[in-house]
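Student: Got a minute to go through this one with me? I'd like to start with one side chain and then move on to the sheet.

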Amino acid sequence: MKIQDACMPALIIGALALSATAGHAHTMPAPVVYVAHLHPMNSKLAGSRTTGEARFTIQGDRLTIAITVHGTVPNIVHWQHIHGFKDGRAATCPGAGVDANHDGVVDLMETSKASGVTMVPFITDPVSLDIAHGTYPKADAEGNYTYQETVSLAAMNAAMAKAYPGQKLDLAKRVVYVHTVPADTHLASTVATLGPIPAQITLPLACGTIERATP
């Protein structure tokens with residue numbers, strides 16, 4: 001048998017492997033991107049205007065959450081979440097006149113008519129949906145921070161369905177909030193919060209509606 005003939009099976013196997021790899025790469029879905037541009041709220045209490053961007057990139061089962069925040073309260077931990085409605089209605093950021101009790105502050109509870117409830121925390125394990133106990137990012141001395149985590153989209157949707165029956169992540173129907181002022185910030189007794197959590201922690205500093213990005 002010729003040497004060339006002996007090598008043929010190996011060459012064929014190699015070619016098939018390369019073809020399979022190329023086919024897999026070709027069928028990898030293109031990423032789908034959603035973006036929320038964060039606009040400031042309660043700037044007088046924060047002492048600055050909190051802005052930024054939350055970007056959600058979905059590719060196959062991979063969901064990458066990347067958040068960049070500027071001009072928030074420096075040197076403290078900031079709570080940050082997706083908010084939305086349990087019945088699947090589209091959430092929005094609150095507009096003018098949302099300060100129902102006219103105390104000069106838009107508190108967490110006053111955002112609920114427009115934005116629904118707190119759903120997904122941007123912590124080290126967002127799929128856990130552990131809003132009260134997760135680890136949130138801390139702003140630097142200039143009031144800036146970044147956050148990034150990649151999770152399974154299927155796992156996130158399963159967690160959402162368990163916590164909010166009939167719901168999934170559904171980014172186009174949700175909004176993003178950044179919260180928290182220093183613990184010693186004086187707030188009127190009319191500033192409402194969620195359960196026993198101090199109002200300083202849940203005070204909204206920025207909000208952005210999540211929209212699908214144009215390719």
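**A glutamate, then the sheet**

Tutor: Sure. Keep in mind that this is a predicted model. To begin, the side chain of Glu110 reaches the backbone nitrogen of Asn101 at 3.4 Å.

Student: Which other backbone nitrogen lies 3.1 Å from a polar atom of the Glu110 side chain?

Tutor: That of Ala100.

Student: OK, and where does Glu110 sit in the chain?

Tutor: In the loop between strand S4 (80–84) and helix H3 (112–115).

Student: Is Glu110 buried or exposed?

Tutor: Buried, and without a salt bridge. The nearest side chain of opposite charge belongs to Lys113, 9.5 Å away. A salt bridge would need a side-chain nitrogen of Lys or Arg within 4 Å of a carboxyl oxygen, so Lys113 doesn't make one with Glu110.

Student: What does Glu110 touch, leaving out residues up to four places away in sequence?

Tutor: Val98, Asp99, Ala100, Asn101 and Val105.

Student: Switching to the sheet. What's the strand order?

Tutor: S5-S4-S7-S8-S1-S2-S3-S6, an open sheet of eight strands with antiparallel pairing. At the edges are strand S5 (117–121) and strand S6 (145–152), each of which pairs on one side only. On average, neighbouring strands of this sheet are turned by 25° against each other, ignoring direction.

Student: How many bridges join S3 to S6?

Tutor: Eight, between antiparallel strands, with S3 covering residues 62–70. For register, Arg62 has Ser152 in S6 as its bridge partner, and Thr68 stands opposite Thr146 in S6.

Student: Which helix packs on the sheet?

Tutor: Helix H4, residues 153–163. H4 touches strand S2 (51–59), S3, S5 and S6, and its direction makes about 90° with that of S6.

Student: Back to S2, then. How many bridges join S2 to S3?

Tutor: Nine, and these two strands run antiparallel as well. One pair to look at is Gly52, which stands opposite Val69 in S3.

Student: And what's going on in the turn of that S2 and S3 hairpin?

Tutor: Two residues lie between the strands, and Gly60 in the turn has a positive phi of about 65°.

Definitions and conventions:
Residues numbered from 1 in each chain as written. Predicted model: local features only at pLDDT ≥ 70, side-chain atom pairs only at ≥ 80, totals over all residues. Heavy atoms only, no water. Helix = DSSP H or I, 4+ residues; strand = E, 2+ residues; numbered from the N terminus. Buried < 20%, exposed > 50% of the residue type's maximum accessible area, 1.4 Å probe, protein only. Lys, Arg positive; Asp, Glu negative; His and termini not counted. Polar contact = N/O pair within 3.5 Å; in protein donor to acceptor, adjacent residues only side chain to side chain. Contact = heavy atoms within 4.5 Å. Pairing = 2+ DSSP bridges. Axes fitted to C-alpha atoms, helices over the stretch in contact; angles between N-to-C directions.
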